Each structure stands twice: as C-alpha cells, then as structure tokens.
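Reader: I'd like a close look at one small part of this protein, a spot where two helices pack together. Could you walk me through it?

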Amino acid sequence: LFLSSYSMQEEAVMTQIKSLTSVLPDAEYEISYEFMDARRFNSTYDTSLFTIYLQSKLRRQTGFDCIITGGDEALDFLFAHPLLKGDSPIVFFGVQDPKVWDKIYKYNFLTGIFGTPDFSANIKFASSIFPKTQNLVFITDSSREGLIDEEKIRAEMEKNKRFSYEILNLTDTPPYLLKRKLQELKDDSAVFLVDIYLSHNRTLNSLQKTAFDISSVCKAPVFCVKHNLTGNGVVGGIVNDEVESAKLAGNLAKHVMAGTEIDKIHIIETAPTVPVADKTVLDSFKISTFSLPPNSLIRNHEMSFFERYRLSILAILILLLFLVYELIYYFRRSLKQKKLLDTDNKIFRLTAQESSDYIAVMNVKEDSITLLYGSWFERGSVVPENMRKLPIKELLNIFASKYVAPETRESFIQTFLLENILPKIQAAKNGKLVFSGNFVSATGDAITKQFSFSFLDYKNGLILSYRTD
C-alpha cells in the first residue's frame, strides 16, 4: 500500500508514484494507492471520514507486505489508527514534522527517509551567486508543512543574523498585498518559494503557475526550496530530490519484503537534495553557470564538455601540476647529483692518475680493451681517441714493442692473450689476478711493473685492469 498525504492533482505526487514503480514494477509488485488530500481536507471531520473509508476498504483485503507513506499526514494517520496498519511494516519518506519524528523513534516497525528542506544550503546558494543579498523573503502558506517550515525558517535565521528576513504567508496575505510587497523588493533581496500549495481562498495551487506568477511581478531573484520550479522565472535552488527519495523508499520496502528485519535498517535523517537552475534566468542576471554547485541540473542549457566533466578535468589538471612539480623537483635533484658525481669523478680521475698508470676494462665477448683513465704509455702522455679502445692483441703488440725486451716479447704477448689469461683470472683467489714482470723503461732502465685483473661484471664478461705497483 502507498498511502499519500496529498492528492494525485499535485505534480510532486505523480513524480513519487513514477519513481516508486521504477523500483517496484507492476509486473512484480501489486501496489494499492490511497490519497488523503490533506492540504485541502485536514479537519477532524475530514480525517474521520477518511478513516471510515479506509477501514471499509481494508477489511476486504488481506494484510499488506509493506506500507509506504508519503508526507507527514499519512504517517501520523497510521500512528493514530494502529489497527489499520495491522502487522505491516512501514517505510516512510517526506516526513518533516518534528512531532512525527519523536513518534518514529518510539517504534521498531518502521524506517524511512526524512524530508526536511535545506534552508541553510539555499541561503548559501543564493548569497553566493548574488553577493549583495541582504534581505531574505520566504513565501509559505497555511498548510501543515507551511506552518512547520515557518518555525524552521525562524530557527535558521537565528544562525544568519547578517540578513534581514520576512515570511509572507500565501494563504493569509491577500493577492494584491502580496503583489505590492514583491514589487517593492529591492535588488538586495532574494525570494524563496517554500510552501505555495494553498492560495488565499484555500484552493490548491498549481506550483508551476504560482511560481510563474510570483516571478513575473518580482524584480528580485526568486529561488525554489522544496520542488524544482525552474522554467517559470525561478533562478533555481537546492531542492529536495523527490525522485531519489521515492526510489530510496521503494528500495527500503523491497529489502523489507525480501526478509530484512526493519529495525535493522537505519533511518535516513538527511533528505536527498539536488541543485537546480534555469540558464535563461541566470543569463538575465548575467550570472555564469560556472557559479553553480557541481552536478547542477540546468534547464535551457546544453552543457559544454568542460562543464559536464569539470570535476574530472580539474582533478586531471591538479594531477598534471603535481607531476610537473615532481619532474622539476627530480630534475633539480638530478642536476645536483650530476654535479656531485662530476666532482667525484674528477677526484677519482686525479687520484687514479696519481696512483696508477692506467685503468681499463677488458671485454671478453669483443676481445677488446678500453682505457678509462690514464695512459697506455708513460704517465701523463696523451692517448689519441682512436687508441682508447683497441683489440687486446694489438695493444699487447704496441706495449711489447715499447717496454719488453725483444727476446721475451712473444712470451709476454702469449701470457696476456685473452684465451690464456682468462682461465687464470677465473681460477684466482678472490677473483683477482695480480701479475708482476720486468720491463724496459723509455730511458732503457729495467723496471718492474705489477698489473691487477678482476671481474667487473662476470655475466657480461667485463674485466677491470689497472697497474697496482
């Protein structure tokens, strides 16, 4: 059973029904609908007539698996007539009367979603896009909701004393007086449509038409608080999301009917809201859509790529800025490290030249040797670029012709050929082979030289060679 506080004549009720049936489709669930029409018929006599009607109808039906109520009056009605409820669990939505809230927490057979409008968010919304706003005008009516909202408005304005404010009751104020008051508002005012259900003669208004009539005579910007009334001269607002609330109620009912214990389902105390706006009205006030909250529903506006994905784009830009910062940081650090490395290499080169004739690397795979520091010849002599990397046998021939006696040159060359020295390096203790020999200096004197060989990279066949005497 869906028991609505209102009537099918109201636009919001049709939206609620459509949203409920999207979650509880007719093919799977049988839903009965009853409407109290409590905005127009809310006297004790009216309630008694509805009670008799509903009692008579329910006697002919079996118990409901779940009762969904919309609005304060419907839920309060079931509290007052528990026999009508029977053993059926209740899921409510759109409840905003604090007196009904107190009753809700006394029982464990119901759960649901509250429906209080967010006055604070709407004041913030209006003052953010109209920074000169000083005076707030709230339009309510004499419906139950309207009187409840007036109390909540007064409480909210106690927190916002930088604004002056006025509450205009649509039902109690003659139309001509309401029109004059609205026309006299200055450009530092903002008007909020809160409850505009009951007209001065207590007939039920069309929300859309009433919003249009008010916006047409008012120079100050007009905002909607509960229902999305854009398209009627209203700037926009942070409205209760009637679609989402009804869908949430439908899903809660689905879980209850599937066997979930209702007292284990937490009550949702904050009503879902959605920011809405009308670009046509924004343009008339020269306000950009970029001033709106993210994910706003904007009427009369084809959103650009940037507007549709601006949060994602901003996130990507922030990420790119972070990456640029990291690149700059690492680039500066690498420059600093390079300077330190260059200094270290210079120190090593100078000390290496002082302590050794040369430092070179032999490549087993290429059968070559490359000079890193020093010289193949006398200390300090310059080695041409084309002689820094040589086949090992070619270097041995050059070295033998300069420093080895003729009678021992061939023996020297054979000793240091790669195929002969490699097994000795592999077999050397600690992987290091040290060789000493007698040589002839440039002046013809006999000298002793000592060479060291050890693996620099065994896998890739690189051997470090340098003079150690």
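Author: Sure, let's take α14 and α15, keeping in mind that this is a predicted model. The crossing of these two helices, α14 and α15, is right-handed. By class, the contact between them has 7 nonpolar, 2 polar and 1 charged residues.

Now the geometry. Helix α14 covers residues 392-403 and helix α15 covers residues 409-416; their axes come within 10 Å and cross at roughly 150°. Angles over 145 degrees count as roughly antiparallel, and so α14 is roughly antiparallel to α15.

Who touches whom? On the α14 side you'll find I392, L396, N397, F399, A400 and S401, and they meet R409, F412, I413 and F416 on the α15 side.

Two of those residues, F399 and F412, are worth zooming in on, as their rings pair up. Over the whole model, the count comes to 24 aromatic pairs. In the F399 and F412 pair, the ring centres are 5.8 Å apart and the planes sit at 25°, so this pair is stacked. Since F399 lies in α14 and F412 in α15, the pair ties together parts that are 13 residues apart in sequence. Are these two buried or exposed? F399 is buried, with a relative accessible area of 10%, and F412 is buried with 10% as well.

From there you can follow α15 along to another ring pair, F416 with F435. Here the centres are 4.7 Å apart and the planes stand at 90°, so the pair is edge-to-face. F416 belongs to helix α15, while F435 sits in strand β16 (residues 432-440), so this pair ties together parts that are 19 residues apart in sequence. As for how covered the two partners are, F416 is buried, at 7% relative accessible area, whereas F435 counts as partly exposed, at 27%.

So if you put α15 in the middle of your view, here's what to look for. F412 stacks with F399 of α14, and F416 makes an edge-to-face pair with F435 of strand β16. F416 also turns up among the α15 residues that meet α14.

For a contrast elsewhere in the model, have a look at α3 (residues 72-80) and α7 (residues 144-157), which pack at an angle of about 105° with their axes 10 Å apart. That makes α3 roughly perpendicular to α7. The contact is made by D72, E73 and D76 of α3 with R144, E145 and I148 of α7. By class, that contact has 1 nonpolar, no polar and 5 charged residues.

How values were computed
Residues numbered from 1 in each chain as written. Predicted model: local features only at pLDDT ≥ 70, side-chain atom pairs only at ≥ 80, totals over all residues. Heavy atoms only, no water. Axes fitted to C-alpha atoms, helices over the stretch in contact; angles between N-to-C directions. Helix = DSSP H or I, 4+ residues; strand = E, 2+ residues; numbered from the N terminus. Parallel < 35°, antiparallel > 145°, perpendicular 65-115°, else oblique. Left-handed = near helix turned anticlockwise from the far one by under 90°. Contact = heavy atoms within 4.5 Å. Nonpolar A, V, L, I, M, F, W, Y, C, P; charged D, E, K, R; others polar. Phe/Tyr/Trp six-rings, centres within 6.5 Å; stacked < 30°, edge-to-face > 60°. Buried < 20%, exposed > 50% of the residue type's maximum accessible area, 1.4 Å probe, protein only.
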